[in-house]
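Thanks for sharing this one. Here are some notes to read alongside the coordinates, arranged by topic.

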Amino acid sequence: MSTLLLVCALLYSGMRSGLAGGWKPCTDLLPLDFLSRVLPAGGMALSGVRMVQDQGARGLQFMAPHQALSFPASQLFINCDYFPEEFSIVTTLKISRIASKKNEYLFSVVEEDSNSLLLGLRYSQDKLHFLFSNYRKRKRISFRSMRLADNQWHTLILAVSGYYASLTVDCGMPIDLFFDKPFPASLSTKGSRFYIGNRRRWKGLFSGLLRQLVLLPGSDATSRICPSLHPQLAILSVPQALLDLPAKPSGNEVLKYPYEAELRVTVGSRPPCTKMEMGQLWFDTLKRGLYTCDSRDWIAMFQEKERLDYVEDYQDLYTNSETLDIEVFEIPSVGLFVATANRKHYPGSGIYKWTNGKFEPYQYITTYEAQAWKHFTVDDKVFLVIANFKKNERNQEHSVIYTWSQRKLKFIVYQTLETHGARDWEAFHIEGETFLAVANHIQGDNHNIQSVIYKWNPATQLFEANQTISTSGAYDWEFFTVGPFSFLAVANTFNGISTHIDSKIYVWFGGKFQHFQSITTDGATDWEVFKIGDRIFLAVANSQKYDEAGPGSYAINSTIYELNMTAQLFVKFQDITTYSAVDWEFFTLGEDKFLVVANSFDGTSFSVNSVIYRWQGYEGFVPVHRLPTFGCKDWEYFSSTEGSYLIYSSAKEPRSKVLKLKTY
């Protein structure tokens with residue numbers, strides 16, 4: 001790249017205005033340190049920003065797109081409103097990982113009134129993109145195969161001049177790109193702001209560490225900082241707060257800062273531990289443990305639990321039709337399976353087997369607008385029971401129990417049971433006996449009907465009716481135990497007039513379930529029970545508010561209740577706004593506890609984000625991941641030797657999705 005002239009920082013309008021009285025550049029022709037402009041003076045804390053020391057250098061980590069991480073462009077362009085025609089951008093960053101198809105911004109220049117992007121520098125999994133507006137058309141320059149997300153520090157120098165852009169990484173060989181139209185000589189920044197580490201919103205927030213971000217007008221910065229003894233940390237202008245590394249103590253002075261040792265990272269066998277490595281640290285990513293070398297062996301300091309980092313799209317599971325429920329289960333010595341409850345009766349619902357890290361079709365079973373599967377065992381028998389909502393070809397309302405055939409290696413019909421608009425089955429054991437509870441939703445036009453609890457008869461080897469319970473549009477049963485007591489909760493959805501009705505909890509006493517507590521719900525579709533320490537919670541998914549008086553509402557609260565041991569009742573713990581919620585799923589990853597909700601409809605669209613919430617103790621559950629879903633109906637968590645996953649079903653398209661939980 002030819003030497004850039006300082007006068008190129010002057011834009012055409014600025015030159016014209018300066019002919020009579022001596023020209024001035026739009027901005028200072030010195031390195032313009034963006035990070036120093038957003039860091040408070042005197043080392044004061046800045047909301048949403050952390051200072052992190054890693055591998056011998058400090059950087060900034062941004063937790064939110066805070067307004068303080070921005071400044072008006074007029075602070076830089078003091079003599080005119082135009083961005084330099086020729087310039088360099090120098091940045092030093094460290095990126096641990098980034099999800100595929102995700103972009104994160106190092107900085108952006110955005111018009112305040114229209115929110116239109118004028119200029120920006122962002123990166124994806126293996127690309128660096130420089131974006132700019134050219135006569136109201138967005139242009140993008142992309143450097144490919146960059147591989148910056150390797151958890152190492154890197155210094156990048158991007159130089160732009162006319163039709164030409166050059167990128168130098170760690171003072172190495174520059175990569176040159178030519179483009180069809182030159183960088184604009186009159187890119188106006190009037191009424192715009194610089195945003196550091198974001199694009200004025202949560203989407204695209206920079207997740208790595210940022211140590212240096214500098215604009216050098218009118219010059220290629222490569223010759224100023226390269227060659228360098230430390231090319232990955234080459235410096236043009238770094239804020240003083242990030243340069244103040246801990247000093248070594250003199251004599252017996254106590255360290256003022258924690259001592260930094262070299263960290264060895266391995267995925268396979270452990271590194272050598274000799275006198276040369278004494279005192280060094282090694283993080284084993286397989287066992288997730290931190291070890292220190294005592295000159296002979298690696299001594300465990302702690303073993304870290306898995307932590308959820310992000311969620312990535314892993315597999316599209318194409319089904320025969322829309323799927324209203326999924327059931328993940330394992331058959332010992334056979335494998336991991338998922339059963340999908342599909343709306344269309346032919347070829348029916350599917351059973352898929354986990355093979356080479358993916359679910360593959362295994363068996364199809366004819367069902368009738370299937371609503372839910374339930375897997376359970378009795379002695380050494382493996383069963384699946386399906387909740388059929390519609391009548392079969394013989395005009396019969398039946399649900400079917402299937403058993404696993406060791407000879408045929410597939411599920412075969414075992415028993416049929418009369419049901420009425422069945423929505424759900426729940427299997428459970430009490431004092432060594434096995435029960436099945438069906439949620440009967442509707443019979444004809446009547447929602448106020450009997451749901452049935454069946455009991456396994458060891459003599460006949462069949463399930464027989466044991467108890468009936470009055471329900472109103474029953475949608476779900478949830479069984480749980482507290483100490484020696486057994487409970488069964490029903491989600492009542494609709495009584496024929498309103499969804500604002502009581503769902504009920506029953507307790508096992510005297511050989512049958514008896515009423516324990518009523519909780520008013522709004523179109524309840526699911527109960528999810530879970531324990532955190534000694535505390536017991538029960539979460540209800542409320543789907544809609546509806547009665548004959550007016551239109552329904554879908555953006556309503558779903559509620560988490562906690563068992564109050566003193567009052568011996570479930571009391572409200574937390575309300576969470578949901579959008580026609582139809583399922584909760586609780587799961588644990590390492591030491592963290594999570595709830596994911598299936599949001600299905602917001603009143604206008606089925607394209608609604610479902611949300612993962614993390615347990616934060618006193619704060620309750622807080623949202624940590626928003627997942628795009630379409631008509632989401634059910635969530636299931638499962639794990640395999642390959643990792644941990646979530647799978648959700650769609651009631652509006654013949655495609656379910658498997659998502660992988662990426663941990664660190």
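1. Let me begin with Lys-455, whose relative accessibility of 24% makes it partly exposed. Please keep in mind throughout that this is a predicted model. The salt-bridge partner of Lys-455 is Glu-433, with 3.0 Å from N to O. Glu-433 belongs to strand 29 (residues 433-440) and Lys-455 to strand 30 (residues 448-457), so this pair links parts that are 22 residues apart in sequence. Glu-433 is partly exposed too, at 32% relative accessibility.

2. Which residues are joined into one network by salt bridges that share partners? They are Asp-313, Asp-316, Glu-653, Arg-655 and Lys-657. It is a nice spot to inspect as a group rather than pair by pair.

3. One pair from that network deserves its own paragraph. Arg-655 and Asp-316 form a salt bridge in which the closest N and O atoms are 3.6 Å apart. Because Arg-655 sits in strand 48 (residues 655-663) and Asp-316 in strand 19 (residues 308-318), the contact ties together parts that are 339 residues apart in sequence. Arg-655 is partly exposed, with a relative accessible area of 24%, and Asp-316 is partly exposed at 28% relative accessibility.

4. How many salt bridges does a search of the whole structure find? The total is 13. Another of them pairs the side chains of Asp-54 and Lys-94, at 2.9 Å from N to O. Here Asp-54 comes from strand 2 (residues 49-54) and Lys-94 from strand 5 (residues 86-94), so parts that are 40 residues apart in sequence are tied together. The two partners fall into separate exposure classes: Lys-94 counts as buried at 4% relative accessibility, whereas Asp-54, at 25%, counts as partly exposed.

5. Now for the second largest pocket, which holds about 680 Å³ of space. Its lining is made up of 33 residues, and those nearest the centre are Glu-327, Lys-374, Glu-478, Glu-528 and Glu-636. By residue class, the lining divides into 16 nonpolar, two polar and 15 charged. If you plan to look at electrostatics, the charged group may be of interest to you.

6. Where does the lining of that pocket come from? At least two residues each are supplied by strand 20 (323-331), strand 24 (370-378), strand 28 (422-430), strand 32 (474-482), strand 36 (524-532), strand 42 (581-589) and strand 46 (632-640). The largest share, six residues, belongs to strand 28.

7. Is Glu-562 buried or exposed? Glu-562 is buried, because its relative accessible area is 16% and the cut-off for buried is under 20%. This residue lies in strand 40 (residues 555-564). Leaving aside residues up to four places away in sequence, Glu-562 touches Arg-535, Ile-536, Phe-537, Leu-569, Phe-570, Val-571 and Phe-573.

8. Next, some backbone points. Most peptide bonds are trans, and most residues other than glycine have a negative phi. Against that background, the bond from Cys-226 to Pro-227 is cis, with omega near -5 degrees. Pro-227 is located in the loop between helix 3 (222-225) and helix 4 (240-243). Tyr-346 and Pro-347 are also joined by a cis peptide bond, where omega is about 0 degrees. The loop that holds Pro-347 runs between strand 21 (335-342) and strand 22 (349-355).

9. Which sign does phi take at Asp-379? The value is positive, about 55 degrees, although Asp-379 is not a glycine. Asp-379 is placed in the loop between strand 24 and strand 25 (381-388), and strand 24 also appears among the contributors to the pocket lining described above. With a relative accessible area of 69%, Asp-379 is exposed.

10. Glu-431 gives a further case of positive phi in a residue other than glycine, with a value near 50 degrees. The loop between strand 28 and strand 29 is where Glu-431 is found. That places Glu-431 between two strands met earlier: strand 28, with its six residues in the pocket lining, and strand 29, which holds Glu-433. Glu-431 is exposed, with a relative accessible area of 73%.

Technical notes
Residues are numbered from 1 along each chain as its sequence is written. This is a predicted model: local features need pLDDT of at least 70, side-chain atom pairs count only at pLDDT 80 or more; totals for chains, interfaces and linings use all residues. Side-chain values use heavy atoms; hydrogens and water are left out. A salt bridge is a side-chain nitrogen of Lys or Arg within 4 Å of a carboxyl oxygen of Asp or Glu. Helices (H or I, at least four residues) and strands (E, at least two) are DSSP runs, numbered from the N terminus. Buried means under 20% relative accessible area, exposed over 50%, partly exposed in between (1.4 Å probe, protein chains only). On a 1 Å grid over the protein atoms alone, a cavity is a set of points where a 1.4 Å probe fits but cannot get out, and a pocket is an open set with protein on both sides within 12 Å along at least five of seven lines; lining residues have an atom within 4 Å of a point. Grid points are joined across faces, edges and corners, and a volume is the space filled by probe spheres set on the points. Ala, Val, Leu, Ile, Met, Phe, Trp, Tyr, Cys and Pro count as nonpolar, Asp, Glu, Lys and Arg as charged, and the others, Gly among them, as polar. Contact means heavy atoms within 4.5 Å.
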